[in-house]
Amino acid sequence: MKFRVEREVLSEVVTWTARILPMHPASPVLAGLRLEAEQDTVTISSFDYEVSSTSTFEATVEQPGQVLVSGKLLAEICKALPSQPVDVELDGAKVKIACGSARFSLMTMPIDTYPELPQFPTPSGILDSQAFSQAVAQVAVAASSDVTLPLYTTIRMEVTGDLITFMSTDRYRLAVRKLRWKPLDSSMTTDLLIKARTLQDMAKSLTGGAQLDLALPQPAGDDGAPASALMAVGAEGRHMTSQLTDGDYPPVARLFPETTEYSVLVDRQVLIGAVRRVALVIPKMAAVRLTFSEGTARLEGGEGDDATAVEELQCIYSGEEITTAFNPHYLLDGLNALDTNYARFSFTHPAKPALLTGQDDPQGDDDQDFRYLLMPIRL
């Protein structure tokens, strides 16, 4: 194997592909990057049995071939190379890298023991890359990080025609986001569970182009083809695949109230600032208390002889005075996930979960595409 490519291209691709390499791989070869040169392209891949990343770029290939080398080391070397063309050549059991006056030699890893990479499935449709990234970021904040509860570390994707509904919960809050896309089959319906951190990585790292190819799991075919257990996202020579999580997601969507008694509209950025300040005096696991009365929202934190904080701000509310309390960090997660000028709190009762939605115009309606349900803390 022998090829030449610009340093900037190689460094970017190696860094992107190596980012999913496990810190403590189950097998030493899983710490490697697989380089394959053929015709005028080079493909670099990584795989940990669950998630794969593959990137293909143009290069001047003198000799085709494939090799496996340490991914972390190759990434560090590529970042340090001068801004000149890079020559990569397999010489016996070593890979030689030459760039300007710099010379490196890396030992190869046994490629014959490297697992077979999953193939990118047939795309199910296309979606806007920026909208996909935003939707996943909004929902991922509510996913749990507790690996002992694997279902709650996932994001559920429900696909019905041209609508994808993302959903996540850690049992204390629930986030739901709706996103339109362009499926090849308008009658398609499916649902799947994928780890939140994996979907976040997919969404963040594949935003270079305007559109993404999305491949969803397919049922077993009439011709005997097995059912697909993969989800894949790809764009502009790069793609990622991920195994899905098995299990029955709890029926949390029914927790959203059909009607609400109370509705409060607050300037979102003003409220974020107030919550951050009041949270400075709140001990861990304690709550920020919110009291809504005619035109005023009062935030309180701390109690007794400890440090306390009080802040009042304007809101749009008319009705009897109500008091509720939330985990300040969970509240901030929901407020930051919104991208509107105002945040709307909707309650059936102060002691029941609060529905948080966004709204740009005080006289208009709230946006139901993103909803964040937050459990209150008992006062």
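# Helix packing and internal spaces

Trainee: In this predicted model, is the crossing in which H5 passes H6 left-handed or right-handed?
Mentor: The model is predicted, and the two helices concerned are H5, residues 268–279, and H6, residues 328–337. The crossing in which H5 passes H6 is left-handed.

Trainee: Is H5 roughly parallel or roughly antiparallel to H6?
Mentor: The axes of H5 and H6 come within 10 Å and cross at roughly 160 degrees. Angles over 145 degrees count as roughly antiparallel. The orientation of H5 to H6 is therefore roughly antiparallel.

Trainee: How many charged residues does the contact of H5 with H6 have?
Mentor: From H5 come Arg268, Leu271, Ile272, Val275, Arg276 and Ala279, which meet Pro328, Leu331, Leu332, Leu335 and Asn336 of H6. By class, eight residues of this contact are nonpolar and one is polar, while the number of charged residues is two.

Trainee: Is H1 roughly parallel or roughly antiparallel to H2?
Mentor: H1 packs against H2, residues 71–80, with the axes 9 Å apart and at an angle of about 150 degrees. As the cut-off for this class is an angle over 145 degrees, H1 is, with respect to H2, roughly antiparallel.

Trainee: How many polar residues does the contact of H1 with H2 have?
Mentor: On the H1 side the residues are Arg7, Leu10, Ser11, Val14, Thr15 and Ala18, and on the H2 side they are Gly71, Lys72, Leu74, Ala75, Cys78, Lys79 and Ala80. Seven residues of this contact are nonpolar and three are charged, and the number of polar residues is three.

Trainee: How many charged residues does the contact of H3 with H4 have?
Mentor: H3 covers residues 129–140, and the axes of H3 and H4 come within 8 Å and cross at roughly 150 degrees. Phe132, Ser133, Val136 and Ala140 of H3 meet Leu199, Gln200 and Ala203 of H4. By class there are five nonpolar and two polar residues in the contact of H3 with H4, and the number of charged residues is none.

Trainee: Which helix supplies the largest share of the lining of the largest pocket?
Mentor: The largest pocket holds about 300 Å³ of space. Among its 15 lining residues, Met285, Ala286, Asn327, Tyr330 and Ile377 lie nearest the centre. Twelve of the lining residues are nonpolar, two are polar and one is charged. The largest share, three residues, is supplied by H6.

Trainee: Which helix supplies the largest share of the lining of the second largest pocket?
Mentor: The second largest pocket has a volume of about 230 Å³, and Ser144, Val147, Thr153, Lys195 and Arg197 lie nearest its centre among 13 lining residues. The lining comprises five nonpolar, six polar and two charged residues. Three residues, the largest share, come from the helix at residues 196–205, H4.

Trainee: How many nonpolar residues does the lining of the largest cavity have?
Mentor: The count of cavities of 30 Å³ or more is one, and about 50 Å³ of space lies in the largest cavity. Its lining consists of Leu10, Val14, Leu35, Val69, Leu74, Val88, Val95, Ile97 and Leu106. Helix H1 (7–18) and strand S8 (94–99) each supply at least two of these residues. No polar and no charged residues line the largest cavity, and the number of nonpolar residues is nine.

Conventions:
Residues numbered from 1 in each chain as written. Predicted model: local features only at pLDDT ≥ 70, side-chain atom pairs only at ≥ 80, totals over all residues. Heavy atoms only, no water. Axes fitted to C-alpha atoms, helices over the stretch in contact; angles between N-to-C directions. Helix = DSSP H or I, 4+ residues; strand = E, 2+ residues; numbered from the N terminus. Parallel < 35°, antiparallel > 145°, perpendicular 65-115°, else oblique. Left-handed = near helix turned anticlockwise from the far one by under 90°. Contact = heavy atoms within 4.5 Å. Nonpolar A, V, L, I, M, F, W, Y, C, P; charged D, E, K, R; others polar. 1 Å grid on protein atoms, 1.4 Å probe; cavity = no way out; pocket = protein on both sides within 12 Å on 5 of 7 lines; lining within 4 Å. Points joined across faces, edges and corners; volume = space filled by probe spheres on them.
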